[in-house]
2 protein chains.
Amino acid sequence: MSFDPTTLSYNDAGLIPVIAQADGSGEVLMMAWMNLEAVQKTIETRKVTYWSRSRQSFWIKGETSGHVQELVDLRMDCDKDCLLAIVNQVGAACHTNRRSCFYTSISEGSEVELMSPMK
Amino acid sequence: MSFDPTTLSYNDAGLIPVIAQADGSGEVLMMAWMNLEAVQKTIETRKVTYWSRSRQSFWIKGETSGHVQELVDLRMDCDKDCLLAIVNQVGAACHTNRRSCFYTSISEGSEVELMSPMK
C-alpha cells in the first residue's frame, strides 16, 4: 500500500510529533516536530528534518553541529498521529552535547542526572 | 534537587507528551499525553496514568484491558517539555493488541506492517 504523507494526522499547527530512536541500542534520543513537508524531505533525503517551532523554519538535524540523524526507518503509530524515526545518530542528539535529551530521572521525587555531556 | 511537576512545560491544553519505552528491550511502545495531575498520579502510584484527550478523563493504562504499565523510571528531556516513561508493559501496549503502536513502516514510500497482533 502506497504511503501518502498527507494522510497523517497533524495538529492544529500542522505538526506531528516525532520520536528519534538510535538504531541498534534502542536509546530514545529526542522528540521534535515535523510538518508535511518535513516528513517528505526526511523520506526523500534520508536526513531527518524537523520543523523548528521556535525558528519557524526547517531544521535539518545536525546541519550546523554535524550531529546528523541518518534515517534507517520511519514508522507511524496506529492513530497516524505520531512518528518514530529509527536513526543512525552521529554524536550527541541533545544541544547540551549529551547523547540523549532524556538525561534526567524524576520518578523518585528528585531530579537525578543520568548522563554527562560527551567529550 | 527536589522535582516539582509544576515546572514541566505543558502545552496550551495543559498537556505534555509522554513516550512509553519497554524496560530491557528498549522497544518504543506508544506516545500519549499527561496533565500535571497525571504526572503526579504516575509517580505516586507507579502505574502509568495518561490524560485521554478524546474522553477528557484520566486513563490508567491497562485498567480495563489488564495491559498495565508499571513505572520503572520517568525521565524528562532538556527542555522539560517531553517525558520518557520506562515501563514494564504487561501484554500489548496498542489497542490493536500489538506489542507497540509503531507497527507500520513508511520510510520506503509504502506502508509495511512490521508486527502482528499478539495471540
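This passage describes how chain A and chain B meet in a predicted model, and how strands of both chains come together in one sheet.

We can begin with the extent of the interface. The size of an interface is often given as the accessible area lost when the parts come together. Here chain A and chain B bury about 3500 Å² between them, and carbon and sulfur atoms account for 62% of that area. Three residues stand out on the side of chain A: A:F102, A:I106 and A:E111 supply 20% of the area that chain A buries against chain B, more than any other three residues. Counted by residues, 42 of chain A are in contact with 42 of chain B.

Polar and charged interactions also feature at this interface. Six salt bridges are found between chain A and chain B. A:E111, already named for its share of the buried area, forms a salt bridge with B:K80, with the closest N and O atoms 3.9 Å apart. Between the two chains there are also 22 residue pairs in polar contact, both residues of each pair being at pLDDT 80 or more. On the side of chain A that touches chain B, the elements giving two or more residues are β1 (16–22), β2 (28–34), β5 (69–76), β6 (83–89) and β7 (104–105) of chain A. Of these, β5(A) gives the most, with six residues. By residue class, that side of chain A divides into 22 nonpolar, ten polar and ten charged residues.

The strand β5(A) leads us from the contacts to the sheet. Two bridges join β5(A) to β7 (residues 104–105) of chain B, and the two strands run antiparallel. Within this pairing, A:M76 has B:T104 of β7(B) as its bridge partner. The resulting open sheet has six strands in the order β2(A)-β1(A)-β6(A)-β5(A)-β7(B)-β8(B), with mixed pairing. At its edges stand β2 of chain A and β8 (112–113) of chain B; each has a single partner strand, so one side of each is left without a neighbour in the sheet.

Further along the sheet, within chain A, β1(A) and β6(A) pair in the parallel sense over five bridges. A:I19 stands opposite A:L84, a residue of β6(A). A helix completes this picture of chain A: α1 (residues 36–45) lies across β1, β2, β5 and β6 of the chain, and runs at about 125° to β2(A).

Methods: Residues are numbered from 1 along each chain as its sequence is written. Chains are lettered from A and ligands numbered from 1 in the order in which they are written. This is a predicted model: local features need pLDDT of at least 70, side-chain atom pairs count only at pLDDT 80 or more; totals for chains, interfaces and linings use all residues. Side-chain values use heavy atoms; hydrogens and water are left out. Contact means heavy atoms within 4.5 Å. Buried area is the accessible area (1.4 Å probe) that two parts lose on being put together, summed over both. A salt bridge is a side-chain nitrogen of Lys or Arg within 4 Å of a carboxyl oxygen of Asp or Glu. A polar contact is a pair of N or O atoms within 3.5 Å; within protein, one must be able to donate a hydrogen and the other to accept it, and residues adjacent in sequence count only if both atoms are side-chain atoms. Helices (H or I, at least four residues) and strands (E, at least two) are DSSP runs, numbered from the N terminus. Ala, Val, Leu, Ile, Met, Phe, Trp, Tyr, Cys and Pro count as nonpolar, Asp, Glu, Lys and Arg as charged, and the others, Gly among them, as polar. Two strands pair if DSSP finds at least two bridges between them. Axes are lines fitted to C-alpha atoms, for helices over the stretch in contact, and angles run from 0 to 180 degrees between N-to-C directions.
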